[in-house]
Amino acid sequence: MGCRFCQSNDLRVFTAEMNIHFPGRENLDTPTVWVFPPVTICLQCGCADFIVHGEPLEKLRKYSALDCAAS
Ligand SMILES: [Zn+2]
């Protein structure tokens, strides 16, 4: 299966650490969510794919449901 944008087969899997923030000034106090997913990156167009699951996904759902989180 190739890149979903450019159909290149030049894909590589990397490790990553990401600190996900909720956008907007109203979310300055909303906790950030750390994730450490494997990231598949197309070396032709730069498209990147990763999956968030488990506790980090639960945190994203929880904080998104709060009134202070942007939708
Ligand atoms: Zn691509």
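This is a short guided tour of the structure above, stop by stop, for use with a viewer.

**Start with the whole chain**

Show the full chain as a cartoon, and keep in mind that this is a predicted model. You should find one helix and five strands. Colour from the N terminus onward and the elements come up in the order β-β-β-β-β-α. The radius of gyration is 15 Å, well over the 11 Å that the globule rule gives for 71 residues, so the protein is more spread out than a compact globule. Turn the C-alpha trace along its principal axes and its span is about 40 × 20 × 15 Å.

How much of the protein counts as buried? Of the 71 residues, 4% do. Now think about contacts between residues at least 6 apart in sequence: 56% of them join residues at least 24 apart.

**Select the segment before E1**

Begin with Gln-7, which sits in the segment before E1. Check its backbone: phi is near 65°, a positive value in a residue other than glycine. Is Gln-7 buried or exposed? Gln-7 counts as exposed, because it has 11 C-beta neighbours inside 10 Å and the limit for that class is 12 or fewer.

**Select the sheet: residues 11-15, 38-42 and 48-49**

Next, highlight three strands together. They make an open sheet in the order E1-E4-E5, with antiparallel pairing. E1 and E5 are the edge strands, each pairing on one side only. As a reminder while you look, strands of a sheet pair through backbone hydrogen bonds, either parallel or antiparallel.

Take the E1 side of the sheet before the E5 side. Strand E1 covers residues 11-15, and zero of its five residues are buried, so the strand lies largely in the open. E1 and E4 (residues 38-42) are antiparallel and share five bridges. To see how they line up, select Thr-15 and look across to Pro-38, its bridge partner in E4. Then select Phe-14, which stands opposite Val-39 in E4.

On the other side, two bridges join E4 to E5, and these strands also run antiparallel.

**Zoom in on Ile-41**

Ile-41 is a good residue to centre on, as it lies in strand E4. Which residue in E5 is the bridge partner of Ile-41? That partner is Ala-48. Leaving aside neighbours within four places in sequence, Ile-41 is in contact with Arg-12, Phe-14, Gly-46 and Ala-48. Add Val-13 to the view: Ile-41 and Val-13 are 28 residues apart in sequence, yet their C-alpha atoms are 6.4 Å apart in space.

Even so, Ile-41 counts as partly exposed, because it has 18 C-beta neighbours inside 10 Å and a buried residue needs 20 or more.

**Follow the turn from E4 to E5**

Walk along the chain from E4 into E5. The two strands form a hairpin with five residues between them. In the turn, stop at Gly-46, whose phi is positive at about 90°.

Cys-45 is in this loop as well. With 14 C-beta neighbours inside 10 Å, Cys-45 counts as partly exposed. What is Cys-45 in contact with, once neighbours within four places in sequence are left aside? The answer is Cys-3, Phe-5, Cys-6 and Ser-8. For a distance to check in your viewer, pick the C-alpha atoms of Cys-45 and Asp-10: they are separated by 9.5 Å, although the two residues are 35 apart along the chain.

**Visit the loop between E2 and E3**

Now select Asn-27, in the loop that runs between strand E2 (18-20) and strand E3 (33-35). Asn-27 is partly exposed, with 16 other C-beta atoms within 10 Å. Draw a line from its C-alpha to that of Leu-60, 33 residues away along the chain, and the separation is 13 Å.

**Finish at the helix**

Last, select residues 54-65, which make up helix H1. Its 12 residues reach 17 Å from the first C-alpha to the last, close to the 16 Å expected at 1.5 Å a residue. How many of the residues of H1 are buried? The count is zero, and H1 is hardly covered. If you show side chains here, recall that an α-helix has 3.6 residues a turn, so residues three or four places apart point the same way.

Conventions
Residues are numbered from 1 along each chain as its sequence is written. This is a predicted model: local features need pLDDT of at least 70, side-chain atom pairs count only at pLDDT 80 or more; totals for chains, interfaces and linings use all residues. Helices (H or I, at least four residues) and strands (E, at least two) are DSSP runs, numbered from the N terminus. The radius of gyration is taken over C-alpha atoms; the globule rule is 2.2 Å times the number of residues to the power 0.38. Two residues are in contact if their C-beta atoms, placed from the backbone, lie within 7 Å. Two strands pair if DSSP finds at least two bridges between them. The expected span of a helix is 1.5 Å times one less than its number of residues.
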